[in-house]
Amino acid sequence: MKKLHILILLCFCLVGHAQNQDLINAYNLVTNTLDRYEFEPETENWNSGYDSKSIKLTYNYPNLIISFYLELPKGRIRDNDISGTYKLICPLSTAFVVEEDKYGNGKYAKLFFRNSNGIEQVYNGKSTLIEEYYFLSTRLTIIKLCDELNTLKEHILTSQYKGALGISSSTSSPKGKSSNSSKQTPQSIFSPTEYKYKYYNESGFAIKEVYKLEKDTLFIDAFKRQNHTEELELISAYTYFQNAETQNPYRINVINIVVYRIDAPAEQTLAEYKRSLIANRFLFNNKTWNGLQGLEYYFKQDMGDVMLNTIAFYGYKGNRFYLIQIGAVVLPEAKYKALLNAIKIL
């Protein structure tokens with residue numbers, strides 16, 4: 001069984017649903033930052049004299065919406081006055097980019113909202129499509145807001161959330177509390193029910209089609225080169241590099257699902273696996289999931305530019321063992337929960 005543990009650890013190196021409260025917490029972080037700190041919306045020059053009022057963020061599927069009001073101080077007059085109400089309707093594909101303000105001597109920065117397909121800018125009720133818009137503040141404040149917006153967007157994408165945030169509706173309110181009129185439970189709101197399951201009957205599981213698994217030929221070939229006893233059989237190995245087309249390491253998730261047949265006492269096999277985790281200084285805890293008895297554990301992989309946070313479940317049903325693992329730079333726990341919620345053991 002020692003060779004089995006070495007092989008599984010090799011798999012580690014080869015290398016979405018946020019819960020209701022996780023998404024609400026991410027949203028509240030953004031709204032609190034907008035409330036607490038000063039931000040200057042884009043105008044024709046850095047020191048335009050306009051005051052910005054009530055910068056608010058809401059979400060109404062499928063757009064993030066920034067609304068605010070610009071006004072001149074009382075008694076001040078400008079040609080081509082741009083005072084009024086503004087709204088930026090940003091698709092989730094919008095990128096948030098921090099750039100240092102060239103006039104700020106390193107103290108100030110701009111947060112750009114950019115989308116080559118267009119951001120709808122609504123000014124006093126009239127709409128225009130623009131490719132970018134920015135907000136100005138101190139460098140640290142801009143970095144903070146950018147990180148929080150990216151985290152919020154990642155939660156929305158991972159959970160496949162199609163409701164509203166900060167808007168009085170049947171799904172949520174500005175403080176993230178469900179309306180009394182809502183008939184949806186958190187589970188029904190945050191589960192991507194639009195996806196059908198794809199069945200892997202020989203492997204004994206089904207997974208929602210949003211996870212486009214492919215055979216992990218590299219791992220399968222490595223397994224075949226090893227000498228194994230008859231009590232160990234590799235049934236299947238799958239992998240999926242989610243969001244790989246983005247070429248953004250903060251968006252890419254590395255998923256592995258491996259299924260074994262082990263004709264040895266399951267409790268003994270799991271105990272040996274625990275000892276292997278302890279020897280490699282991995283944090284773990286006992287876990288029962290989907291009818292499987294097993295372990296859940298955590299470790300980090302050094303991928304050069306980033307550290308890949310990795311969470312895995314290893315458990316058994318009868319003589320069949322399942323390894324389900326995901327690696328992600330951001331929101332690994334939410335993505336891990338999403339992955340487990342998308343799988344059925346047959």
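The following paragraphs walk through the fold of one protein chain, from its overall make-up to its sheets, helices and cores. The structure is a predicted model, and the description below should be read with that in mind.

A good place to start is the chain as a whole. The protein chain has 346 residues, and buried residues make up 50% of them. Its secondary structure comes to seven helices and 18 strands. The accessible surface of the chain is about 18000 Å², with 49% of that area belonging to carbon and sulfur atoms.

Next come the nonpolar cores. In soluble globular proteins, nonpolar side chains tend to be buried together. The largest nonpolar core here has 33 residues, and the members that touch the most others are Leu57, Phe68, Leu88, Phe113 and Leu152. At least two residues of this core are supplied by each of helix 2 (20-36), strand 2 (51-60), strand 3 (63-71), strand 4 (84-91), strand 6 (108-123), strand 7 (126-138) and helix 3 (139-159). Helix 3 gives the largest share, six residues. Leu57 offers a closer look at this core. Neighbours within four places in sequence aside, Leu57 is in contact with Tyr27, Val30, Thr31, Leu34, Leu64, Ile65, Ile66, Leu149 and Leu152. Apart from this core lies another, of 25 residues, which includes Tyr200, Tyr322, Ile326 and Ile345.

Two open sheets deserve a description of their own. Strands of a sheet pair through backbone hydrogen bonds, either parallel or antiparallel. One open sheet has seven strands, running in the order 11-12-13-17-16-15-14 with antiparallel pairing. Strand 11 (214-215) and strand 14 (283-289) form its edges, each pairing on one side only. Strand 11 is joined to strand 12 (residues 232-242) by two bridges in the antiparallel sense, and Lys215 stands opposite Tyr238 of strand 12.

Two helices pack on this sheet. Helix 6 (residues 266-279) touches strand 13 (253-262), strand 14, strand 15 (292-302), strand 16 (307-317) and strand 17 (320-328), and its direction makes about 20° with that of strand 15. Helix 7 (residues 332-341) also touches strand 13, strand 14, strand 15, strand 16 and strand 17, with its direction at about 145° to that of strand 17. Because seven of its ten residues are buried, helix 7 is largely enclosed by the rest of the structure. Those buried residues are Pro332, Ala334, Lys335, Tyr336, Ala338, Leu339 and Leu340.

The other open sheet has three strands in the order 9-10-18, again with antiparallel pairing. Strand 9 (197-200) and strand 18 (343-345) lie at the edges with a single partner strand each, so one side of each has no neighbour in the sheet. From one strand to the next, the twist averages 20°. Four bridges link strand 9 and strand 10 (residues 205-208) in the antiparallel sense, and Lys198 stands opposite Ile207 of strand 10.

Helix 5 (residues 217-224) rounds off the picture. Its buried residues are Phe219, Ile220, Ala222 and Phe223. These four cover an arc of only 165° around the axis, which puts them on the same side of helix 5. An α-helix has 3.6 residues a turn, so residues three or four places apart point the same way. Thr217, Leu218 and Lys224, in contrast, are exposed on the other side of helix 5.

Notes: Residues numbered from 1 in each chain as written. Predicted model: local features only at pLDDT ≥ 70, side-chain atom pairs only at ≥ 80, totals over all residues. Heavy atoms only, no water. Pairing = 2+ DSSP bridges. Axes fitted to C-alpha atoms, helices over the stretch in contact; angles between N-to-C directions. Buried < 20%, exposed > 50% of the residue type's maximum accessible area, 1.4 Å probe, protein only. Areas by Shrake-Rupley, 256 points an atom, 1.4 Å probe, with all protein chains shown as cover. Arc of directions from axis to C-beta. Core = buried A, V, L, I, M, F, W, Y, C linked by side-chain atoms within 4.5 Å. Contact = heavy atoms within 4.5 Å.
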